[in-house]
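Visitor: Please show me how to read a structure like this one, feature by feature.

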Amino acid sequence: MTVSTFNAATTTTFGDDVVMLGGIISVERTDTGVTYRVTGSVDLSNASTFSEVVTRGEEDGQTVVLDLSGVDFFGTAALSVVAALDAEHGENLTLVVGDAVTRVMGAARWQPTARVTR
């Protein structure tokens with residue numbers, strides 16, 4: 001297991017998984033794609049780390065699953081990251097959302113290209 005500092009003193013990686021201020025991003029890679037499972041809060045304090053992790057440059061055609069169902073607070077800075085990911089991956093992206101994310105998407109009236117599930 002590799003343990004290293006990722007972005008700041010408050011962020012640590014364990015292999016591909018990232019413990020960031022306020023949350024954890026678990027990463028599972030396969031030959032055909034990647035799944036990011038996010039728990040905790042994603043807001044302005046950790047949006048740059050969130051962005052760095054989920055936009056690491058997957059190859060074209062790979063599927064990306066962004067599981068945000070475990071997020072208990074989702075700020076507008078996080079929505080900007082997800083919107084950029086949606087613009088890049090579109091139909092190859094699946095968003096798994098919970099209440100916190102659904103509220104922000106509704107308030108912003110954002111309709112992603114990605115498949116959205118609960």
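Visitor: What phi does Gly90 take just after H2?

Guide: Helices (H or I, at least four residues) and strands (E, at least two) are DSSP runs, numbered from the N terminus. Gly90 follows directly on H2 and has a positive phi of about 45 degrees. This is a predicted model, in which local features need pLDDT of at least 70 and side-chain atom pairs count only at pLDDT 80 or more, while totals for chains, interfaces and linings use all residues. Residues are numbered from 1 along each chain as its sequence is written, and side-chain values use heavy atoms, with hydrogens and water left out.

Visitor: What span should the 14 residues of H2 have?

Guide: The expected span of a helix is 1.5 Å times one less than its number of residues. For H2 that gives 20 Å, and its end C-alpha atoms are 20 Å apart, which agrees.

Visitor: Which residues of H2 are buried?

Guide: Buried means under 20% relative accessible area, exposed over 50%, and partly exposed in between (1.4 Å probe, protein chains only). In H2 the buried residues are Ala78, Leu79, Val81, Val82, Leu85, Asp86 and His89. They cover an arc of only 160 degrees around the axis, which puts them on the same side of H2. The arc is that of the directions from the helix axis to the C-beta atoms. Exposed Thr76, Ala87 and Glu88 sit on the face turned away from that buried side.

Visitor: What do the buried residues of H2 pack against?

Guide: Contact means heavy atoms within 4.5 Å. The partners are S5, H1, S6, strand S7 (93-96) and helix H3 (99-108).

Visitor: Which residues of H1 are buried?

Guide: In H1 (residues 47-54) they are Ala47, Thr49, Phe50, Val53 and Val54. Their arc around the axis is only 160 degrees, so they lie on the same side of H1. Among the elements covering them are strand S5 (33-42), strand S6 (63-74) and H2.

Visitor: How should I read a charged residue such as Asp86?

Guide: Lys and Arg count as positive and Asp and Glu as negative; His and the chain ends are not counted. Side chains of opposite charge can pair when their charged atoms come close. A salt bridge is a side-chain nitrogen of Lys or Arg within 4 Å of a carboxyl oxygen of Asp or Glu. Asp86, in helix H2 (residues 76-89), is buried but has no salt bridge, and the nearest side chain of opposite charge, Arg115, is 12 Å away.

Visitor: Which backbone nitrogen lies 2.8 Å from a polar atom of the Asp86 side chain?

Guide: That of Ala114. Leaving out residues up to four places away in sequence, Asp86 touches Leu93, Trp110, Pro112, Thr113 and Ala114.

Visitor: How many salt bridges does the rule give?

Guide: The count is five. One of them joins the side chains of Arg37 and Asp67 (3.9 Å, N to O). Arg37 is in strand S5 and Asp67 in strand S6, so the pair ties together parts 30 residues apart in sequence. Arg37 is partly exposed at 39% relative accessibility, whereas Asp67 is buried at 15%.

Visitor: Which residue forms a salt bridge with Arg118?

Guide: Asp99 does, with the closest N and O atoms 2.5 Å apart. The pair links distant parts of the chain, as Arg118 is in the segment after strand S8 (115-117) and Asp99 in helix H3, 19 residues apart. Arg118 is exposed, with a relative accessible area of 63%.

How values were computed. Polar contact = N/O pair within 3.5 Å; in protein donor to acceptor, adjacent residues only side chain to side chain.
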